Amino acid sequence: MDWLFLTEVFLAGLGAGALYAVTGVAFVLIYKATRVVNLAIGEILMLGGYAFFGAAAGWHLPAWIALPVAVLSGALVGAVVERGLIRPMLGESPISVFMVTIGLGSILAGFVQVVWGADPLRLPEFMPSAPIFLGEAYLAPKVAYGFLAAMLVLAACVSALRFSRGGVALKATAADQGAAYSVGIDVPRVFSLSWIVACAVAAGAGVLVGAIGGISPTMGVFGLSVLVVVIVGGLDSMVGALVGGLLIGVVEAFAGTFLGGEYKFLVTFSIMILVLMLRPYGLFGTHEIERL
Amino acid sequence: MTGAADDVILSVKGVSLAFGGVRALTDVSFSVRKGSITAVIGPNGAGKTSLFNTISGFYRPRAGEIVFGGRNLAGTAPPERARLGLARTFQNIALFRGMTVLDNIKLGRHAHMQTGLLDALVYRGRARREELALRAEIEERIIDFLEIQHIRNAPVATLPYGLRKRVELARALAMRPRLLMLDEPVAGMNREETEDMARFILDVKEEWDVTILMVEHDMGMVMDISDHVVVLNFGQVIAEGSPATVQADPAVIAAYLGAGDLGRRLSAPEAA
């Protein structure tokens, strides 16, 4: 066995996994606050990549402006979707809301195809390209910077959830909406903010994903891996999204290297099924205890 | 009873509520006097919880108005009503699962902290710190008062039913309400637990200067501690007055006769 090679595969897996993790956190945020399984998260991520492309390549804005443009357009989409599509579905069956998010995903994919065409595009380079070595192991610079950025966003999300009043309000809403409403928590605002922040985070992740692999209207399949991540980690657990993201990233990297790219999904979805059988609420998810 | 308007903390005036074609409340009117314990009773499905949900703002009435502390509540959302001094508990206990008893109680003061997302990270000066200290002191008093010191750091999900009811009451008290609405505070409790809860409710009224509005099925308890009783049946007020008046009211006895045992207990309540 070539340890150096294994290390490199492992590091690349961590890099990809960090992006799964950060997108998973966006998914978890929405699920925690609103109990909506948002299958459009991959397409919102895609939209972030295209917004960056539009700003950086279309309007020739520098990357440090294009990045906030992408994040803000994600936030805007989150706000509009929550108010326009999700809020009116309040009280409907979860399956209906779930279907709405699937429809939203198709609409977003169609939208970018109409505006930017169906061909894959490359984002303008904006990260330093000097090669990075950890010890002797080579690490693609984009993957390394993507990893760092994702970890920063993750740390920010986790500490906001733990220490800010908004985080407390979110946790209370997640635990019991009626009780949260009655103690003075503005539950509709928690809904809005969770969608806004989550979609902004996903759009930011889209820029990183796009910088590494390019953008295309089918980029939303990234969301499929994220779905595996959050089911493995637990739909309502930030820590679960982090651990699940890194785990699935590394597993995919090894599966892709040793079995071939076509086996990635086979392996990760098998893990998902295994987890569902052994711990249906995920590795870190809340095991709902009902004592009556 | 002097009928002075400033004596009244809550008045419900001609409130009607419907879900599609189902009329949950029809022209319901009554008032709650400051410093009283007012009980709403009635058979199952009479609309008691619907009435509570309308007062706390979860449902919007089709007609009528609710005036709390001289202010018409129309168009105010539940968080705003909480800030005005309206606190409640729920029939099926709504605690924040996964959190400890103390965290649950602390969330009760959320209503009064008018700060944004980032404020928690910003230093806000001495006045602010003193206010926080004061709140912590109040929380300690509440915990002592309700005799839940021993479970303060326990996760609420692990607690037995009676204690969870008490924690929910503690959280409502931490909101420092002017009107406390209790939805079936002793439902499912045994004799001893019921007596404890009745004592707590009386003490809340006396020591904390809080007006109580409660929905309750336990007739013995209602008749023992209430000052005023409102009887609902099929969404309408069929009687109201002192416990003795209500008990003697033929309409009330008739409404309860379907429940047999309850009807008899109403007309001949057991000695407490």
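Start your tour in chain A: select A:H60, which sits in the loop between α2 (41–58) and α3 (63–86). Before you click further, keep in mind that this is a predicted model.

What is the phi of A:H60? It is positive, about 55°, even though A:H60 is not a glycine. Most residues other than glycine have a negative phi. Is A:H60 buried or exposed? Its relative accessibility is 64%, so A:H60 counts as exposed.

Now hop over to chain B and pick B:I93, in the loop between β6 and α3 (101–107) of that chain. Here, too, you'll find a positive phi of about 55° on a residue that isn't a glycine. But check the surroundings: B:I93 has 12% relative accessibility and therefore counts as buried.

Go back to chain A for one more stop. Select A:F5, A:F258, A:L259, A:Y263 and A:L266 together, and show the surface: they make a nonpolar patch of about 490 Å². Click on A:L259 in that group. You're in the loop between α10 (238–258) and α11 (264–278) of chain A. A:L259 counts as partly exposed, because its relative accessibility is 48%.

Next, show chain B on its own and color it by secondary structure. You should find 10 helices and 10 strands. Of its 272 residues, 53% count as buried. Chain B exposes about 12,100 Å², with carbon and sulfur atoms supplying 51% of that area. Now think about who touches whom. Take the contacts in chain B between residues at least 6 apart in sequence: 69% of them join residues at least 24 apart.

Zoom in on strand β7 of chain B, residues 179–183. How many of its five residues are buried? Five of the five are, so the strand is largely enclosed by the rest of the structure. Turn on the side chains: B:L179, B:M181 and B:D183 point one way, B:L180 and B:L182 point the other way, and all are buried.

Keep β7(B) selected and add its partners:

- Strand β6 (residues 86–88) of chain B runs parallel to β7(B), joined to it by three bridges. Look for B:R88, which stands opposite B:M181.
- Strand β8 (residues 211–215) of chain B is also parallel to β7(B), with five bridges between them. Here B:D183 has B:V215 as its bridge partner.

Add helix α6 (residues 191–207) of chain B to the view. With β7(B) and β8(B), this helix makes a right-handed β-α-β unit.

For another pattern, select β2, β1, β4 and β5 of chain B. In that order they form an open sheet of four strands with antiparallel pairing. Which strands stand at the edges? They are β2 (22–33) and β5 (71–72), each with a single partner strand, so one side of each has no neighbour in the sheet. Follow β5(B) to its partner β4 (residues 63–68) of chain B: two bridges join this antiparallel pair. One place to click is B:V67, which stands opposite B:N72 in β5(B).

Last stop: B:N233, in strand β9 (residues 228–233) of chain B. B:N233 counts as buried because its relative accessibility is 15%, and the cut-off for buried is under 20%. Which residues does B:N233 touch, leaving out those up to four places away in sequence? Select B:P43, B:A46, B:I238 and B:A255 to see them.

Notes: Residues numbered from 1 in each chain as written. Chains lettered and ligands numbered in written order. Predicted model: local features only at pLDDT ≥ 70, side-chain atom pairs only at ≥ 80, totals over all residues. Heavy atoms only, no water. Buried < 20%, exposed > 50% of the residue type's maximum accessible area, 1.4 Å probe, protein only. Contact = heavy atoms within 4.5 Å. Areas by Shrake-Rupley, 256 points an atom, 1.4 Å probe, with all protein chains shown as cover. Patch = residues over 30% accessible without salt bridge, like charges linked within 9 Å, V, L, I, M, F, W, Y side chains within 5 Å. Salt bridge = Lys/Arg side-chain N within 4 Å of Asp/Glu carboxyl O. Pairing = 2+ DSSP bridges. Right-handed = clockwise from strand over helix to strand, strands pointing away.
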